[in-house]
There are 2 protein chains.
Amino acid sequence: MKYNIDTSEKILNAATHEFEEKGYNGTRMQGIANRAGINKALLHYYYKSKDALFQIIIHKAFKVFIPQIVSVFEEDTDLFTTIEKFTSSYIDVYIKNPRVPSFITQEINNNPERLVNLIQSSGVNVEIFKNKIIKAVKEGQIIDIDPEQLIVNIVSLCLFPFVAKPIVTKLILRGNDKDFDRFMEKRKNEISTFIIKGIRK
Amino acid sequence: MKYNIDTSEKILNAATHEFEEKGYNGTRMQGIANRAGINKALLHYYYKSKDALFQIIIHKAFKVFIPQIVSVFEEDTDLFTTIEKFTSSYIDVYIKNPRVPSFITQEINNNPERLVNLIQSSGVNVEIFKNKIIKAVKEGQIIDIDPEQLIVNIVSLCLFPFVAKPIVTKLILRGNDKDFDRFMEKRKNEISTFIIKGIRK
DNA sequence: AAACTTATTAACCATTTGGTTAATTTTAAC
DNA sequence: GTTAAAATTAACCAAATGGTTAATAAGTTT
């Protein structure tokens, strides 16, 4: 026997929660151990250091989420369909993993370099999407919009609500977590209409 | 003489930078002292504790930025003009204070309650804006859009690029800080066109 | 310039924190 | 059932960190 897989998973789950909630600097190894119901020494027995554990978790997060989105870019469909599919599946991923955007946002501040490298090395290629937009402009299908502005628009509309979840929930919706979920579920389908109407000629 | 105003400001500046860059948990009192070119004991002589210092800084940030935006809501202009003015001045504030959105975003994660209270007590009232949207829908000026979705759209489009600045700069623009500034300067004027086209009947 | 207040510092302290050691219990192998 | 490997723990450690103390330097007042 080499490493109890059950304990290993328990730790990884606990650590993921802690890091997502409190960020790297706010997370304590003791806190992870407590949450996993184990001893701090055992934690270090399974994972060398806090940093090593964090690396694994952030890598895992990207391995899971990025590919689903990339595949949408690469499909050979028209721009409108791409936008519809992208927004819908992008929001859907985060409805199921609502703490991830904040986690990533925190990481942007702490270590921008690492994050950029991670995304790049995970095969995201914005150029394909850019070209699709440029083509649509040339063909007169959409208005003359800067492809970079449009991409930022799309990503902003999908991601920001998750990053600012408490503000959206309490200040704008004046509700609770359930109201937020409903709001995002509705958004998942509506957002592409808004975007497409904003660029269609 | 009670407290050297110069030293006091030096500390506040240093602390603001540190907190903005590293977040509450990542910031060290020694780091602030170093940056201010003083001794750690003097830091505590001027500001009771790390938390007290942080409170002052986050309050100050809100006192400065919120009122400018609220005033736009309250003006008695039509919806389209309101959107134009809001997006333009909102983005402009952050072009001049680009680290603030990340700072606030970190605070959302650490202490959502405090942030929501702070915003509410600083007089932001979304209802005025909501009503303006509802009225525009009724009068057939814009399509039948959920006012909450529209507000989130507007805020997302303005704020998210700042929160994800490194990603936008390196991954989408494939440039540097200057490219980002140019991008946002252009965005300041273009974004309202996109929004209004997206809702106009 | 003496007396007093304010500003600044070096040295110190208690607690927290990531990480280690060495011993103990559990599991698997023979 | 004995032995070896793996899993788990209690106790410990050094460095970092927020904060304090007590002494000194710089200004003000009279």
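Helix α5 of chain A, residues 79-96, packs against helix α8 of chain A, residues 126-138. The model is a predicted one. In it, the axes of these two helices lie 10 Å apart, at an angle of about 140°. An angle over 145 degrees would count as roughly antiparallel. The two helices, α5(A) and α8(A), are therefore oblique to each other. From α5(A), the contact is made by L79(A), T82(A) and I83(A). From α8(A) come F129(A), K132(A), I133(A) and A136(A). Sorted by type, the residues of this contact are 5 nonpolar, 1 polar and 1 charged.

Now turn to another pair in chain A. Helix α9 spans residues 147-163, and helix α11 spans residues 177-199. Their axes come within 10 Å and cross at roughly 170°. That makes α9(A) roughly antiparallel to α11(A). Which residues of α9(A) meet α11(A)? They are L150(A), I154(A), L157(A), C158(A), P161(A) and F162(A). On the α11(A) side stand F180(A), M184(A), R187(A), I191(A), F194(A), I195(A) and I199(A). This contact of α9(A) with α11(A) has 12 nonpolar residues, no polar ones and 1 charged.

Next, chain B. Its helix α2 covers residues 29-36. Buried there are M29(B), G31(B), I32(B), A33(B) and A36(B). Just after α2(B) comes G37(B), with a positive phi of about 70°.

Further along chain B, helix α6 runs over residues 100-110 and holds Q106(B). Is Q106(B) buried or exposed? Its relative accessible area is 10%, so Q106(B) is buried; the limit for that is under 20%. What does Q106(B) touch, leaving aside residues up to four places away in sequence? In its own chain, the partners are E20(B), K22(B) and G23(B). Across in chain A, Q106(B) touches N109(A).

That contact leads to the two chains as a pair. Two copies of a chain are related by a rotation about an axis and a shift along it. Here, a turn of 180° and a shift of 0.0 Å along the axis lay chain A on chain B, with an RMSD of 0.1 Å. The copies are thus related as by a two-fold rotation axis. Where does chain A come nearest the axis, judged by C-alpha? At G198(A), whose C-alpha is 2.0 Å from the axis. Both copies use the same surface: 98% of the contact residues of chain A recur in chain B.

Terms used: Residues are numbered from 1 along each chain as its sequence is written. Chains are lettered from A and ligands numbered from 1 in the order in which they are written. This is a predicted model: local features need pLDDT of at least 70, side-chain atom pairs count only at pLDDT 80 or more; totals for chains, interfaces and linings use all residues. Side-chain values use heavy atoms; hydrogens and water are left out. Axes are lines fitted to C-alpha atoms, for helices over the stretch in contact, and angles run from 0 to 180 degrees between N-to-C directions. Helices (H or I, at least four residues) and strands (E, at least two) are DSSP runs, numbered from the N terminus. Angles under 35 degrees count as roughly parallel, over 145 as roughly antiparallel, 65 to 115 as roughly perpendicular and the rest as oblique. Contact means heavy atoms within 4.5 Å. Ala, Val, Leu, Ile, Met, Phe, Trp, Tyr, Cys and Pro count as nonpolar, Asp, Glu, Lys and Arg as charged, and the others, Gly among them, as polar. Buried means under 20% relative accessible area, exposed over 50%, partly exposed in between (1.4 Å probe, protein chains only). Copies are superposed by least squares on the C-alpha atoms of residues with pLDDT of at least 70 in both.
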